[in-house]
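Here are a few short exercises to work through with the model open. Try each one yourself before reading the solution.

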Amino acid sequence: MIRQHLSWLAAASLLLAASPSAAATSTGFVLAPQAKPQTETKEYFQEENQIRRLIADKRDLFFPGETANREYPFVVLPSEMTGSAKLILAMQTAISVAPERSAMRIFVNDRDIGAIDLKSGDAHQVELELPKGLLQPGYNAVTILLDQSHRVDCTVEATYELWTQIDPALSGFVFTRNAKDDPSDVSPLLAYSRDVNGHAAINGLIPRGAAGEDIDRTFSVVQALSILGHFDHPVVTVGNEVGTGPGIDLVVGTFGTVRDLIGMTPDQSGVQFDIDPSSGRSRMIVAARTADELASTIRDFTLRAQTEITDGSPQGRRALGNRRGRLLESGSANSLAELGFVSRPFAGRHFEQSIAFSLPADFYPGDYGAANLKLNAEYAAGLSPTSQMVVRANGDTVANIRLGEARSGRIDGQVLPIPLDKLRPGYNVIEFEAELSTASDAVCDPATLGNSTARFFIKGDSTLNIPAFAQIGHAPDLAVVSAGKAEFGNGRTTPLYVEGMDETMLGAAGSFLAKMAYASREVSPVSVSSGWPLDRQGPLLAFGTFSGFSGQLRSDLGIDLNPVASDLALSLDENQTQEPGAPTEEMASALSVDGSTVQQSQGERPTSVVARLRDGVHNLYESLTVRVRIQAAQLGLVDDPNVLSSDDVYQVSGEADMLLAQRLVNERDAWTVVAVRDPALLNESMRSLAQTDVWGRLAGSVNALKRDGTLVERKMAGHERLYETKPLSLQNGRLIVAGWFSNNAREFTIAQILVAILLGAATFVVLRQGRKS
């Protein structure tokens, strides 16, 4: 009887949560009461340079699947507070979307400003007026929630055909001004700095034949500017010509240098801004009379960037933090809502949502502990027996929960462990995916397509608990680089090699440094040079082409940039006869409900008892063989093809357009290199590298990528160097030792054997002495 009442209560709570006025968790995004519905207005053309674009590009503004939730920060200037404001969206929706059941809801600073019916067909523009008093000077947040339903198809595969694309070049906020902005305020500079793709465009002006110190100073300001402006997609160019379109022309130098570059002498030392709202082009001048005074000015601006508190609404600051990935400290606990999870009932068939967070650059991953995801959720009755929820950490499955029960269910505080070796320094992503099919989906009655009864609901008060973890720098590991650290040198200047001091390559180096500064909120001092180091002492960050410094990388880093043909190119043609004994291509194994792999059916399976027994023994043998091979590789008894030992030479793949590598050149120092095959593709490759899903996947010793950021190959390091990043404590020392042993299985096994021998010897001595006494 009690069970029946609980089932009724669970069903009632799901129905209540499915109502439009339901609120999400109180600590994160909240579905505020719906305001007066806004209607679409006539389509019109808006000057691109007058639109305050969202901090997002085309990929960020693509919404696939049955439901999607995104939050974007945007800047509002003090001069725009007294006028009116509206949001313009230029969008296109897939033709498979059912317009009568598909809609987009828009929230600004968590306040509902209206709903838009999604209609298929050609791209169109809509606008929504913002209520007075809603915005605050500085950063604010706009949240977009989508529900998309299919016209006729009820299969899970059909959910991948549902999408809406917002055009970043023609979408954003438009304001009317009744005042002027303070010319000494940096906010207007940040507001107009993004190009039509939402990327921050910074053009560093340097004199012809500039000395290395001129470029060093410019790169320091570029990094500080990336921190101050929250530039997650920095696009840096270097040259002696001013740019065009929205962006920043950056001039750093003494009065004489500034005069040579732009034909005018600054009135005084310091930082000055010249902004043209009509074109979106801005100029930033960092100048002083002497080199020493200029160095002091740059230090002051850098300190300001690293310590200044961001202005804006609480929602805007939340959006900025979640976009970078909120930094989680050792021993912290955070609700999913605080990490950007939008909690609302889901009535579809295929659920997907994720959260992102960051861990410190000196986080030491290993299988010596686990983060705990404490999950609170509800699911409806009548789901298919195969219905399940899968939780992934950085792409690896860490938990499976069956949902296919006859009655509705409640998950209260279920703890799902996430091993620390599944996490990484810098950006991390936890994904939630659920298959929620029902018997009615097989019938696919049009009446059931519009059914809004909730099937699944993850509560925002679910928490992610991070345990105490080891903190120590380690190299080589490109994940540490993506967290903003090329080395742990306590502020030492890092030599920066740029092949031929080419302006395009200098721009790529500036973009890379700006992205690192955004990730770590720290400026990395560099010393630019076109000369390759004569000895292997000290750290190095290097940029060049495959053909330009292949000789240096071969001799000093063991990297051969003369590409070999890819395995794909060497594979047999489908029309050729395959030789006996040659390996055959197999389909990827499917994932069962409990997370284990199952074989795809190929033809008729054995029906006799003997045949089934023989098949089972063969599968068991294959499984044991794989496990033994993996364990042997971990113990160093056989070579692991995914691991590079310190004396191995890496041969770049013929499919790779870009290579990122970090290798030890001595017992202490690591060199980091970025190389591209074709200089003409450098800008495209660097833009792809700055994408969050590409930058956040960097790991190991060598990553080979295609021009669009697709990973071709990754090699892990067989040996690592540890660097002290904080005073050693007993707890941190214990965790470091545990982490090191977890990453060195052979040494751990040997230590266990030695301890067992010592324990046996000690026991023998004690027993022998006891008998004598």
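**Exercise 1.** Work out how many helices and strands the protein chain has, and what share of its residues is buried.

*Solution.* Start with secondary structure: this predicted model has 17 helices and 38 strands in its protein chain. Next, go through the 773 residues; 50% of them count as buried. For the outside, the accessible surface adds up to about 36300 Å², and carbon and sulfur atoms own 53% of that. Finally, look at contacts between residues at least 6 apart in sequence: 80% of these link residues at least 24 apart.

**Exercise 2.** Find where Leu496 sits and decide: is Leu496 buried or exposed?

*Solution.* First, locate the residue: Leu496 belongs to strand 26, which covers residues 494-498. Then check its accessibility. Buried means under 20% relative accessible area, and Leu496 is at 1%, so it counts as buried.

**Exercise 3.** Which residues does Leu496 contact, once neighbours within four places in sequence are set aside?

*Solution.* The list is Phe219, Ala509, Leu513, Val526, Ser527, Val528, Ser529, Leu541 and Phe543. For a distance check, try Pro525: it lies 29 residues from Leu496 along the chain, with 9.6 Å between the C-alpha atoms.

**Exercise 4.** Place Leu496 in the largest nonpolar core.

*Solution.* That core has 66 residues, and those touching the most other members are Phe219, Leu225, Met284, Leu496, Phe512, Leu660 and Leu689. Helix 10 (residues 503-520) supplies the largest share of this core, with nine residues. There's also a second, separate core of 43 residues, with Leu339, Tyr364, Leu403 and Leu416 among them.

Technical notes: Residues are numbered from 1 along each chain as its sequence is written. This is a predicted model: local features need pLDDT of at least 70, side-chain atom pairs count only at pLDDT 80 or more; totals for chains, interfaces and linings use all residues. Side-chain values use heavy atoms; hydrogens and water are left out. Helices (H or I, at least four residues) and strands (E, at least two) are DSSP runs, numbered from the N terminus. Buried means under 20% relative accessible area, exposed over 50%, partly exposed in between (1.4 Å probe, protein chains only). Contact means heavy atoms within 4.5 Å. Accessible areas come from the Shrake-Rupley method with a 1.4 Å probe; for residues, only the protein chains shown count as cover. A nonpolar core is a set of buried Ala, Val, Leu, Ile, Met, Phe, Trp, Tyr and Cys residues joined through side-chain atoms within 4.5 Å.
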